[in-house]
Amino acid sequence: MQILRATLDQFDQHFDDLVEILQQTVNHGAAVGFIAPLSAERAAQFWQETIRPAVASGDRALFLALEEGRAVGTAQLILGMPDNQPHRGEVSKMMVHPDHRRKGIAHHLIARLEEEARAHHRWQITLDTRTGGGAEPFYHRMGYKVAGIIPNFGKNATDDAFHATTYMYKTLDERRCQQAG
C-alpha cells in the first residue's frame with residue numbers, strides 16, 4: 001500500500017476510483033454528507049466541482065491510499081481556514097472502499113494527514129463523525145478526544161432517521177497548545 005498527497009494529475013488519474021469510493025461508502029451507509037443511493041454522476045460532480053478546485057488552490061490536501069495502482073481509500077485535510085485559525089486543520093471525507101476495510105488503510109491515511117498538518121504548522125486537528133458509528137472508536141484509538149455531541153445533526157444515508165454527530169480534536173503539539181493557551 002502507498003499513501004500519497006495527490007497532485008492534480010493524480011487526482012485526474014484516480015478520478016474514477018474516487019467516484020467509486022464515495023459512491024460505495026455512501027451506499028453502505030456511511031455519514032459523509034450524501035444520501036443513498038448515490039449515483040456515479042452525483043459523486044463525480046462532488047469531486048469535480050467541490051474538491052478539485054480546493055485541491056488546486058491549496059485549500060485542501062487530498063490523500064490517496066493506493067493498492068496495486070488503484071485508489072482504495074482517501075482523506076482530506078482542510079488547510080483553508082479562517083484568519084483566526086492558522087494553527088488548525090480539519091479532517092474531511094475520510095473513506096475506505098468497503099471491500100478494503102480492516103487492512104489498516106484508515107490508520108495510514110490519518111497518520112499521513114497528521115504528518116502533512118505538522119508540515120503546515122497546524123498543531124490542532126478537528127473532525128466530526130457520526131456518534132456511535134464505526135469511525136468514532138477508530139478516532140479514539142488514534143488519540144482524538146471528544147469536544148461535544150450535537151443531536152439530530154444529519155440524516156442517515158440509508159433511512160429517514162437522523163443521527164447525532166461527535167466533534168473531536170487532537171492536539172499534535174502540546175507545547176504549542178500550552179504556549180497559545
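Over residues 1-173 the chain is 34% helix and 34% strand, with its end C-alpha atoms 28 Å apart; helices (H or I, at least four residues) and strands (E, at least two) are DSSP runs numbered from the N terminus. This is a predicted model, in which local features need pLDDT of at least 70 and side-chain atom pairs count only at pLDDT 80 or more, while totals for chains, interfaces and linings use all residues. Residues are numbered from 1 along each chain as its sequence is written, and side-chain values use heavy atoms, with hydrogens and water left out. An unreviewed UniProt entry places the feature "domain: N-acetyltransferase" at residues 1-173; UniProt positions follow the numbering used here, feature names are shortened, and annotations may be inferred rather than shown by experiment.

The interior can be approached through its nonpolar cores, a core being a set of buried Ala, Val, Leu, Ile, Met, Phe, Trp, Tyr and Cys residues joined through side-chain atoms within 4.5 Å, where buried means under 20% relative accessible area, exposed over 50% and partly exposed in between (1.4 Å probe, protein chains only). The largest of these cores has 25 residues, and Leu22, Trp47, Leu62 and Leu64 have the most contacts inside it. Helix 2 (15-27), helix 3 (40-57) and strand 2 (60-67) each supply at least two residues of this core. A second, separate core of 24 residues includes Ala61, Phe63, Val72 and Met94.

Contact here means heavy atoms within 4.5 Å, and, leaving aside residues up to four places away in sequence, Leu64 touches a set of residues that includes Ile3, Leu4, Leu18, Ala71 and Leu109. Val55, which is found in helix 3, counts as buried at 11% relative accessibility and, with the same sequence neighbours left out, touches Ala6, Leu8, Arg60 and Leu62.

Aromatic rings of Phe, Tyr and Trp (its six-membered ring) pair if their centres lie within 6.5 Å, and planes under 30 degrees apart count as stacked, over 60 as edge-to-face and the rest as tilted. By this rule the count comes to seven aromatic pairs. The rings of Phe46 and Trp47 have centres 5.3 Å apart and planes at 65°, so this pair is edge-to-face. Both partners are buried, Phe46 with a relative accessible area of 8% and Trp47 with one of 0%. Ring pairs link these two residues with Phe11, Phe15 and Phe34 into a cluster.

Helix 4 (residues 105-119) has 15 residues, which at 1.5 Å a residue should span 21 Å, and its end C-alpha atoms are indeed 21 Å apart; the expected span is 1.5 Å times one less than the number of residues. Its buried residues include Ile105, Leu109, Arg112, Leu113 and Glu116. Glu116 has a relative accessible area of 10%, and its side chain makes a polar contact of 3.1 Å with the side chain of His120. A polar contact is a pair of N or O atoms within 3.5 Å; within protein, one must be able to donate a hydrogen and the other to accept it, and residues adjacent in sequence count only if both atoms are side-chain atoms. Leaving out residues up to four places away in sequence, Glu116 touches Arg5, Ala61, Phe63 and Leu77. Just after helix 4, His121 takes a positive phi of about 60°.

His100 lies in the loop between strand 4 (88-96) and helix 4, and counts as buried at 14% relative accessibility. A polar contact of 2.9 Å joins its side chain to that of Lys103, and, apart from neighbours within four places in sequence, His100 is in contact with Glu67, Arg70, Val72 and Ile105.
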